[in-house]
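Q: Please take a close look at the salt bridges here, one pair at a time. I would also like to see how they sit beside the nonpolar core and the strand pairing.

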Amino acid sequence: GEPTMMFFNCDSTAGFSGVTLETANVKQGTGAWKHAATPGNPVLAIGSFSPVDITYYRNGFLHMWVYCSNINGLGTEGQIEISSSGTSDVNEYAWRLGNYVTKTGWNELWLPMSGAEAYNGMPDFANINYMRIYAVGHSCDFLFDGIEFVHESGYDPEGGGGTEPQPTEPLTLHNCDSIDGISFVARETGNIKEGSGAWRHQ
């Protein structure tokens, strides 16, 4: 599998209701989904689609960008949901919106598959066919963009595209197997953690 798999690039709203196309304030590609506040209707975006196989990403992340015009208008309860049942709350994984959308403006969301809440059975990862985003009592406008699945090996919270330095072997300052050149310690060979000796200070 690839490190990332685009789920919805949000350059089109085809198949989804609750959203219109935004082409100016976008994070990825040429468009974003826009939901102008509907305080009486909690649904922000909802869609059914042909089954998508996300098995390779089942231990990874759902990664997306969410714009909130005023964090104080996020509402009382919201979720991002995916399912394999063609509807909500059955064979569903969900994440709480308020845990990840934390500020006014664009928020980068890394939704861990391992941290999702399952509703009425686990989703069939080979047949994801439904997505819903809602926020009860919201009064802010939303934008959504770049919805993709990321393999656990591709976690990149700063968006550096893999340019972060790779882990290196630890540097051993002293293995403590000898006391040459070291004062105030004796060589211990019984109670040690590594190698053939430790420093003992009496």
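A: A residue counts as buried under 20% relative accessible area, as exposed over 50%, and as partly exposed in between, with a 1.4 Å probe and protein chains only. The model is predicted, so local features need pLDDT of at least 70 and side-chain atom pairs count only at pLDDT 80 or more, whereas totals for chains, interfaces and linings use all residues. Residues are numbered from 1 along each chain as its sequence is written, and side-chain values use heavy atoms, with hydrogens and water left out.

The structure holds three salt bridges, each being a side-chain nitrogen of Lys or Arg within 4 Å of a carboxyl oxygen of Asp or Glu. One of them joins Glu188 to Arg200, with the closest N and O atoms 2.8 Å apart. Because Glu188 lies in strand E13 (residues 186–188) and Arg200 in strand E14 (residues 198–200), this pair ties together parts that are 12 residues apart in sequence; strands here are DSSP runs of at least two residues, numbered from the N terminus. Glu188 has a relative accessibility of 17% and so counts as buried, while Arg200, at 31%, is partly exposed.

Glu117 and Arg96 also meet through their side chains, at 2.9 Å from N to O. This pair links distant parts of the chain, since Glu117 is in strand E10 (residues 117–119) and Arg96 is in strand E8, 21 residues apart. Glu117 is partly exposed at 28%, and Arg96 is likewise partly exposed at 34%.

In the salt bridge between Arg132 and Glu81, the closest N and O atoms are 2.7 Å apart. Arg132 belongs to strand E11 and Glu81 to strand E7, 51 residues apart, and both residues are buried.

The largest nonpolar core, a set of buried Ala, Val, Leu, Ile, Met, Phe, Trp, Tyr and Cys residues joined through side-chain atoms within 4.5 Å, has 37 residues, of which Phe7, Ile80, Ile82 and Met131 touch the most other members. Strands E7, E8 and E11 are among those that each supply at least two residues of this core. Strand E6 is another such contributor, and seven of its eight residues are buried. E6 runs antiparallel to E9, joined by eight bridges, and also pairs in the antiparallel sense with E12 over seven bridges; for two strands to pair, DSSP must find at least two bridges between them.

Conventions: Helices (H or I, at least four residues) and strands (E, at least two) are DSSP runs, numbered from the N terminus.
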